[in-house]
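Biologist: I would like a close look at one part of this model, the second chain, with its folding and its contacts. Please go through it piece by piece.

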Amino acid sequence: MPKASPEEMQAMAKRWMDWFGSIAAQNKLSERGNRLVPGAGKVVRPNNVVTDGPYMEIKESIGGYAIVKANSVEEAAELAKGCPVFIYGGNVEVREVMAM
Amino acid sequence: MLLMEQSELIPHLFRTEYRKIVAVLCKLFGIEHIEIAEDIVSNTFLQASELWGVKGAPPNPAGWLYTAAKNKTRDYLKRNANFAQNISKEFTLRTTSTEEIDVDLSDKNISDSQLAMIFVTCHPCNPADAQIGLALNLLCGFGIDEIARAFLTNREVIYKRLQRAKEKLREERVRIEEPALNEIDNRMTSVLMTLYLLFNEGYYSASQDVTLRKELCLEAMRLTYMLTDHPATNKPEVNALLSLMCFHSSRFDARLGYHGETILYDEQDRDLWNQELITRGEYFLNLASQGNKLSKFHLEAAIAYWHTTKENSTEKWENILQLYNQLLIIEYSPMAALNRTYALSKAHGKEQAIVEAEKINLVGNHLYHCLLGELYNGVNNARALFHLQQALSLAQSAGDKAIISNKISQLNH
């Protein structure tokens, strides 16, 4: 991804906040979640083998997560439609959290 | 003070001194004996009005009241030896070995006692409306009738509510003391919430009594100011709350008509906005910008700050929108959801706001329909009319109904 200018970064941050704000205004935001820092990760395998993350090599990596309140996966998918990640060519995976 | 008429002097002193002496005596006696403290102070004022009515007021009326209250306390303790023994057991631990309990009415002890009482009246063991009632009664010297008028209910309801609340404090054995430093952060949230609700009670109340509503706001500000004045409680979020109150009250005169009816933001005479309060709000907002905690009061104060700027620039509404986004992420409330959508319409246009408004779906709330009425106005007037009619049928107060009817008639022109 090419480096964005400060203005572009600010505009992008605003889009993210508008998306979170829109979900929160429907009282459907459970947890805003966090962004994952791209790149610098480790993968721990059996027998104490620690390697740098595989995400370095493959194209897709998980950029972050958020937890929403919805009555169905369909409803959650509806909320995901406004996610700014699509602007970068990314996608959103919608999964159900099993409450422990 | 010298020019003050006799008839005004006692009510004035009652306002300023009653709560101080009550706080000191409550702290001295403990939570079990709040009523004794209140009785002693009431009797002191009764004696003052009888005596001063005949002889005229003494040269130092407040000092006279303090001395009289001290004497009455001493007499009470003499007559009730058991009570005296009970409270002196604890008390002697804290004082020198004098046999007689001395009531300390120094400025320092008054201030410490009032601070301790803020934490008692705002104790989370009581529901919010009881906390507000107690605060008005014990910290602000409001009588039961005044509190009843503020809550638009009768004195019986308030009397019972206060009795129950005091009983609850006794059951919970809440101690009247300044909370320890490590406790303050935990207890502060509930204290600030009560002061915030007390302010809102005055600011948004349906009561037509403008003077009383103003007084509620002023009392909430006075108590919040008291917290900023004490090093242990002078936290950034307290300053944020005080800032918010300053910004809001700067519009107090502009937003109320002659008969206590609400004048909407867009229609307010901006020259009536109180610049001095706006400046103070900015001062406290600066003080609030320390530390790393962003409370909902910070965000609300920042929103209120933007509302004090007169121009309707996109920058203004964009900032307000972002602040509402953050506020909603911290804590959802229907009001914040509605206001966010309004800000969105100002920043990004009505089309986008309508899509968002349809999603928030607060169909039972008259303000939701007011918002949609506003958004559809000029876009789809039939929809606008439908929502305003919904709003009219859901609105409770006469003031709200009048505003909505007015909007309907404007739409039809």
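Modeller: What follows is a walk through chain B, with a short stop at its partner.

This is a predicted model, in which local features need pLDDT of at least 70, side-chain atom pairs count only at pLDDT 80 or more, and totals for chains, interfaces and linings use all residues. Residues are numbered from 1 along each chain as its sequence is written, and chains are lettered from A and ligands numbered from 1 in the order in which they are written.

Start with the overall build. Chain B has 20 helices and zero strands. Helices here are DSSP runs of H or I with at least four residues, strands are runs of E with at least two, and both are numbered from the N terminus. Along the principal axes, the C-alpha atoms of chain B fill a box of roughly 80 × 50 × 40 Å. Chain B has 413 residues, and 37% of them count as buried. A residue is buried if 20 or more other C-beta atoms lie within 10 Å of its own, exposed if 12 or fewer, and partly exposed in between, with C-beta atoms placed from the backbone. Two residues are in contact if their C-beta atoms, placed from the backbone, lie within 7 Å. Take the contacts in chain B between residues at least 6 apart in sequence: 62% of them join residues at least 24 apart.

Next, the core. The largest nonpolar core holds 107 residues, and B:Leu25 and B:Ala301 have the most contacts inside it. Such a core is a set of buried Ala, Val, Leu, Ile, Met, Phe, Trp, Tyr and Cys residues joined through C-beta atoms within 7 Å. In soluble globular proteins, nonpolar side chains tend to be buried together. B:Leu25 is in contact with B:Ala37, B:Ile40, B:Val41 and B:Thr73, leaving aside neighbours within four places in sequence. B:Thr73 is also one of the buried residues of α3(B), alongside B:Leu65, B:Tyr66, B:Ala68, B:Ala69 and B:Lys70. Helix α3 of chain B covers residues 61-79, and its 19 residues should span 27 Å at 1.5 Å a residue; the end C-alpha atoms are 27 Å apart, so the two agree. The expected span is 1.5 Å times one less than the number of residues.

Now the domains. Chain B is divided into domain 1 (1-105), domain 2 (109-234), domain 3 (245-253 + 272-287 + 296-308), domain 4 (311-359) and domain 5 (362-413). The bounds come from an automatic or database domain assignment. The centres of domain 3 and domain 4 of chain B, taken over C-alpha atoms, are 19 Å apart. Their contact takes six residues from domain 3 and nine residues from domain 4. On the domain 3 side, four residues are nonpolar, none is polar and two are charged. Ala, Val, Leu, Ile, Met, Phe, Trp, Tyr, Cys and Pro count as nonpolar, Asp, Glu, Lys and Arg as charged, and the others, Gly among them, as polar.

Three loop residues deserve a look. B:Asn274 sits in the loop between α12 (252-255) and α13 (275-288) of chain B. B:Asn274 is partly exposed, because 18 other C-beta atoms lie within 10 Å. Not counting residues up to four places away in sequence, B:Asn274 touches B:Ser250 and B:Asp253. B:Leu152 lies in the loop between α7 (144-150) and α8 (155-171) of chain B. The phi of B:Leu152 is positive, near 50 degrees. B:Leu152 is exposed, with 12 other C-beta atoms within 10 Å. B:Arg173 follows in the loop between α8 and α9 (181-204) of chain B. B:Arg173 has a positive phi of about 50 degrees, and is exposed, with 9 other C-beta atoms within 10 Å. Most residues other than glycine have a negative phi.

Compare a helix residue. B:Leu375 is found in helix α18 (residues 366-376) of chain B. B:Leu375 is buried, because 27 other C-beta atoms lie within 10 Å. Leaving aside neighbours within four places in sequence, the contacts of B:Leu375 are B:Ser345, B:Lys350, B:Ala353, B:Ile354 and B:Ala357.

Last, the partner. In all, 12 residues of chain A are in contact with 12 residues of chain B. Helix α1 (residues 6-25) of chain A gives the most to the chain A side, with eight residues. That side divides into five nonpolar, four polar and three charged residues.
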